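Dear colleague,

Please find below the structure I promised to pass on, followed by some notes on what turned up when its packing was examined.

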Amino acid sequence: MQVTVTNADGLKRELKIQVPAKDLEAKLGAKLDELKNQVRLKGFRPGKVPLSHLRKTFGKQVMGEVIQETVGESTQKAIEGESLRPAFQPAIDLEGEIQDVIDGKSDLTFKMSFEVIPTFDLADFSKVSLERLTAEVKDEDIDEALKRLAENQKNFEPRAEGAKAETGDLLTIDFVGKIDGVAFDGGSAEDANLELGSGRFIPGFEDQLVGARVGDEVEVKVTFPAEYGAEHLAGKDAVFDVKVKEVKAPAEVKVDDEFAKRFGIESLEKLREALAEQMKSDYDRMSRQHLKRAMLDKLDELHSFELPPTMVEQEFNQIWQQFEHELQHQNKTAADLDEPEEEIRAEYRKIAERRVRLGLVLAEVGEKNAITVTEQELNQALAQRARQFPGQERQVFQFYQQNPQAVQELRAPIFEDKVVDFIAELATVTDKVVSRDELFTDPDADEHDHHHHDHDHDHDHVHDENCDHDHDHDHGDEKPAKKAAAKKPAARKAAPKKKKED
């Protein structure tokens, strides 16, 4: 096998590989010899079929297999021989007529094109300083959590006969929705429960039932939002004939030991302790998220190197597709935004570059420090994912057994967290006590965004140490990048209960 480097421009590589026809012939002969003892042909005893007959019968088919195997083997040997690290699977371009190669008339010659992972020096993490935001769980925080629990557990008691419904009351209603006097499909329900002020129904619906009494028949006039999910209803004026069947007022919930027992906890004191522990866990999670964001920002600042163009392009395309998908949900296109599409694309390309850069840096840290994901850690993640689908655990396990890419998406965030922990151990980390509200401010929100977009753009994807730099990304805890319309539409409200458009 002869290997010639025909292009080494930047991170691009092109290798020309030539495998002599005689080598292919030798492999073909070996395969046909193995086949001799396996095939059963009429007129020949087992193992006595002449090679010439086998060649005539199976030669082209077997040579095709030989060529395919040879391309794979020689590609790997060439990469190893040149000490290269491809950023993705090389593209193969055969030269000459493949039939001539199959017939043994010419050598197997092909070119393999790819980009390589850049070589770069990692920063000295012992000289990195990071700030970690922390907050204390206070008694008033626990009191507020208890109040929220009580609100979620509130009871409703019937109001006095003839009493008017107030905001916060629970109504039982029948309704029929009509557009231009004609009832529309999915716009009717009986014995529907509606808490006034909950915002569950479309804007204006609940307000018009304040003051209603049991037995009242109210004509509720509303307009479906322009961004409503069902296109045949969006922006339409509608009238709902509503009959009020029951009016209940919220009853006060006493927070005491009996209240705690509703949650399977023996006393109010124990409930407070459980809430404090849960809140501390939430605080620690947010503290870690802030530290991770600060670390990624610092790593991005400290490393600068050429990026494989195809990796950046693939990342950008993924981000842009997600952006367009979200715009479709708003019945918009990039042309509807108050920012030129070229500027949006340029901004997202920078995001893609950051993701690729950080992914390569974290992968390099993992590789140089033998950071791996154990089977036990992977199995724990898989079990946790399966628990999210009660009753379908077997199907979840089967899905991951049959989809290596899905397993990679479980492995990647574990690897990322282990690398982050490793760097944090080396860096100087200083705790800063902040308020709870500051701690729970999304560290991935871009506070300096001049276009008022929801970037989420620094939810960075990284490479697993087992990815072989094939551009597999972390889609675990991180949300995909998105860019909302500059002028966000009003939040959609659900149509009345039991509507198909809900």
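**Notes on packing**

Setting aside neighbours within four places in sequence, Glu364 is in contact with Arg85, Phe120 and Leu122. Please bear in mind throughout that this is a predicted model. Glu364 lies in helix H8, and because its relative accessibility is 8%, where under 20% is the cut-off, Glu364 counts as buried.

Helix H8, which spans residues 341-368, also supplies the largest share of the largest nonpolar core, namely ten residues. That core holds 68 residues, of which Leu108, Leu299, Tyr348, Leu360 and Ile423 touch the most other members. For Leu108, if residues up to four places away in sequence are not counted, the residues touched are Ile17, Gln18, Val19, Leu24, Ile67, Thr70, Val71, Leu94 and Val101. Another core, of 27 residues, lies apart from the largest one, and includes Ile179, Val218, Val222 and Val244.

The other point concerns a helix pair: the axes of helix H9 (residues 375-387) and helix H10 (residues 393-402) come within 9 Å and cross at roughly 135 degrees, which means that H9 is oblique to H10. The crossing in which H9 passes H10 is right-handed. On the H9 side, Leu382, Ala383, Arg385 and Ala386 take part, and they meet Glu393, Val396, Phe397 and Tyr400 in H10. Sorted by class, this contact of H9 with H10 has six nonpolar residues and two charged ones, with no polar residues.

With best wishes

Methods:
Residues numbered from 1 in each chain as written. Predicted model: local features only at pLDDT ≥ 70, side-chain atom pairs only at ≥ 80, totals over all residues. Heavy atoms only, no water. Axes fitted to C-alpha atoms, helices over the stretch in contact; angles between N-to-C directions. Helix = DSSP H or I, 4+ residues; strand = E, 2+ residues; numbered from the N terminus. Parallel < 35°, antiparallel > 145°, perpendicular 65-115°, else oblique. Left-handed = near helix turned anticlockwise from the far one by under 90°. Contact = heavy atoms within 4.5 Å. Nonpolar A, V, L, I, M, F, W, Y, C, P; charged D, E, K, R; others polar. Core = buried A, V, L, I, M, F, W, Y, C linked by side-chain atoms within 4.5 Å. Buried < 20%, exposed > 50% of the residue type's maximum accessible area, 1.4 Å probe, protein only.
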